[in-house]
Amino acid sequence: MKSAYELAMERSDDGDGKSLTDEQKEQIAEIDSKYKAKIAERKIFLEKNIQDALAQDRNEEADEARQILAGEVTSLEAKSEAEKDRIRKS
């Protein structure tokens with residue numbers, strides 16, 4: 001399994017010899033920052049819900065919150081990558 005760093009390096013080297021401009025690098029860094037903040041916000045909110053549900057012995061509710069969290073993180077990561085790919089191709 002490749003690390004996130006290895007995947008990022010593969011994406012940045014698209015084989016056509018075109019490297020990213022400083023502006024593109026800055027835009028990608030802004031996208032990373034924006035989506036990391038969104039993911040952190042959702043994790044904080046939903047992990048609190050998970051802990052509250054577990055404290056009240058509501059395991060099904062905790063499992064549902066975990067599934068929601070996983071889905072939202074996956075969705076936000078996909079949106080982030082789509083935006084970064086759009087910038088890389090511009």
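## Salt bridges and surface in a three-helix model

Arg 58 is partly exposed, because its relative accessibility is 32%. Its side chain meets that of Glu 61 in a salt bridge, with 2.8 Å from N to O. Glu 61 is partly exposed too, at 41% relative accessibility. These values come from a predicted model.

**The chain as a whole**

The protein chain holds 3 helices and 0 strands. Along the sequence the pattern reads α-α-α. Helix H2 covers residues 22–55. Helix H3 covers residues 59–89. The chain has 90 residues, and buried ones make up 20% of them. About 6700 Å² of the protein chain is exposed, and carbon and sulfur atoms supply 52% of that area.

Contacts reach far along the sequence. Take the contacts between residues at least 6 apart: 71% of them join residues at least 24 apart.

**Salt bridges**

How many salt bridges does the count give? The count comes to 8. Three of them are listed here, each with its N to O distance.

| Acidic partner | Basic partner | Distance, N to O |
|---|---|---|
| Glu 72 | Arg 42 | 2.5 Å |
| Asp 63 | Arg 66 | 2.7 Å |
| Glu 61 | Arg 58 | 2.8 Å |

Start with the pair Glu 72 and Arg 42, whose side chains meet in a salt bridge. Glu 72 belongs to helix H3 and Arg 42 to helix H2, so this pair ties together parts that lie 30 residues apart in sequence. Glu 72 is partly exposed, with 25% relative accessibility. Arg 42 is partly exposed, and its relative accessible area is 25%.

The pair Asp 63 and Arg 66 sits within one helix. Both residues lie in helix H3, 3 residues apart, which is about one turn of the helix. Asp 63 has 39% relative accessibility and counts as partly exposed. Arg 66 has 38% and also counts as partly exposed.

Salt bridges can also share partners. Asp 32, Glu 81 and Lys 84 are joined into one network in this way.

**Lys 84**

Is Lys 84 buried or exposed? Lys 84 is buried, because its relative accessibility is 7% and the cut-off for buried is under 20%. Lys 84 is placed in helix H3. Which residues does Lys 84 contact, leaving aside its neighbours within four places in sequence? They are Ile 28, Ile 31 and Asp 32. Asp 32 is also a member of the salt-bridge network with Lys 84.

**A negative patch**

Turn now to the surface. Asp 22, Glu 23, Glu 26 and Glu 30 form a negative surface patch. One of these residues, Asp 22, is found in helix H2. Asp 22 is exposed, because its relative accessibility is 63% and exposed means over 50%.

**The loop between H2 and H3**

Asp 57 is found in the loop between H2 and H3. Asp 57 is exposed, with 61% relative accessible area. What is notable about the backbone here? Phi of Asp 57 is near 60 degrees, a positive value in a residue other than glycine. Most residues other than glycine have a negative phi.

**In brief**

The protein chain follows the pattern α-α-α. The salt bridge between Glu 72 and Arg 42 links helix H3 with helix H2. Lys 84 is buried, whereas Asp 22 and Asp 57 are exposed.

Key
Residues numbered from 1 in each chain as written. Predicted model: local features only at pLDDT ≥ 70, side-chain atom pairs only at ≥ 80, totals over all residues. Heavy atoms only, no water. Patch = residues over 30% accessible without salt bridge, like charges linked within 9 Å, V, L, I, M, F, W, Y side chains within 5 Å. Areas by Shrake-Rupley, 256 points an atom, 1.4 Å probe, with all protein chains shown as cover. Salt bridge = Lys/Arg side-chain N within 4 Å of Asp/Glu carboxyl O. Lys, Arg positive; Asp, Glu negative; His and termini not counted. Charge placed at Lys NZ, Arg CZ, Asp CG, Glu CD. Helix = DSSP H or I, 4+ residues; strand = E, 2+ residues; numbered from the N terminus. Buried < 20%, exposed > 50% of the residue type's maximum accessible area, 1.4 Å probe, protein only. Contact = heavy atoms within 4.5 Å.
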